[in-house]
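My notebook is open and the model is loaded. I'll jot down what I look up as I go.

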Amino acid sequence: SSGINAEWPLRPGAGRQPSFEQADVSLYFSDIYNFSKISQLKRFRDDPKLIVEFLNGLYEELDRLVKCFQDKLYKVETINDSYLVMSGLPVRHEHSYLHAGYIANFALFALST
């Protein structure tokens, strides 16, 4: 099979048995280039709250953008400077080929905000 195996909902300690198979899924993964280096800048070391405020502002904007796509996108996780969104799960699209377009449009809008 060419699909991905996924257990839903994904949660720590969940068994390794997939509950279904789904081939029509696209992922968006972002990471802030040189985040470790940026976070070591003097102004952020002097006031670590600034880096938290920066990340909160960025992720609030991305969260708002995810909501604009209604049930077409699902925010999976935010860890440190990484952000993960998927399309095609947990809600499958009526037309299986649309997942890639939703992720591509999200990425374009994210770059323009």
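**Entry 1: an odd residue to begin with**

I started at Asn 80, which sits in the loop between strand 4 and strand 5. This is a predicted model, so I keep that in mind for everything below. I looked up the backbone of Asn 80 and found phi near 50°, a positive value in a residue that isn't glycine. Buried or exposed, I wondered about Asn 80? Asn 80 counts as exposed, because its relative accessibility is 59% and the cut-off for exposed is over 50%.

**Entry 2: another positive phi**

Gln 70 turned up with phi near 50° too, again a positive value in a residue other than glycine. I found Gln 70 in the loop between helix 3 and strand 4, the strand that covers 74-79. Gln 70 has 64% relative accessibility, so it counts as exposed.

**Entry 3: a cis bond**

Which two residues does a cis peptide bond join? I found that bond between Leu 89 and Pro 90, with omega at about -10°. Pro 90 belongs to the loop between strand 5 and helix 4.

**Entry 4: stepping back to the whole chain**

I figured I should get the overall layout down. The chain has four helices and five strands. Reading from the N terminus, I noted the order β-β-β-α-α-α-β-β-α. There are 113 residues, and buried ones make up 29% of them. For the accessible surface of the chain I wrote down about 7,900 Å², with 55% of that belonging to carbon and sulfur atoms. I also checked contacts between residues at least 6 apart in sequence: 47% of those join residues at least 24 apart.

**Entry 5: the largest nonpolar core**

Next I went inside. The largest nonpolar core has 18 residues, and the ones touching the most other members are Tyr 28, Leu 73, Tyr 83, Val 85 and Phe 106. Which elements give two or more residues to this core? They are helix 3 (49-68), strand 5 (82-87) and helix 4 (98-112). Helix 3 provides the largest share, six residues.

I picked Tyr 83 for a closer look. Leaving out residues up to four places away in sequence, I found that Tyr 83 touches a long list, including Tyr 28, Phe 29, Tyr 59, Leu 62, Val 66 and Phe 106. Lys 75, Glu 77 and Asp 63 are also among the residues Tyr 83 touches.

**Entry 6: two helices together**

I then checked how helix 3 and helix 4 pack. Their angle is about 145°, and their axes are 10 Å apart. Helix 3 passes helix 4 in a right-handed crossing. Which residues meet there? From helix 3 I listed Leu 62, Leu 65 and Val 66, and they meet Phe 106, Phe 109 and Ala 110 of helix 4. Sorted by class, this contact has six nonpolar residues, no polar ones and no charged ones.

**Entry 7: Ser 30**

Ser 30 had shown up among the residues that Tyr 83 touches, so I went back to it. I located Ser 30 in strand 3, residues 26-31. Why does Ser 30 count as buried? Its relative accessible area is 16%, and buried means under 20%. Not counting residues up to four places away in sequence, Ser 30 touches Asp 81, Ser 82 and Tyr 83.

**Entry 8: far in sequence**

My last stop was Val 25, in the loop between strand 2 (20-22) and strand 3. Val 25 has 17% relative accessibility, so it counts as buried. Then I compared Val 25 with Ser 87: they are 62 residues apart in sequence, but their C-alpha atoms are 5.6 Å apart in space.

How values were computed. Residues numbered from 1 in each chain as written. Predicted model: local features only at pLDDT ≥ 70, side-chain atom pairs only at ≥ 80, totals over all residues. Heavy atoms only, no water. Core = buried A, V, L, I, M, F, W, Y, C linked by side-chain atoms within 4.5 Å. Buried < 20%, exposed > 50% of the residue type's maximum accessible area, 1.4 Å probe, protein only. Contact = heavy atoms within 4.5 Å. Axes fitted to C-alpha atoms, helices over the stretch in contact; angles between N-to-C directions. Left-handed = near helix turned anticlockwise from the far one by under 90°. Nonpolar A, V, L, I, M, F, W, Y, C, P; charged D, E, K, R; others polar. Areas by Shrake-Rupley, 256 points an atom, 1.4 Å probe, with all protein chains shown as cover.
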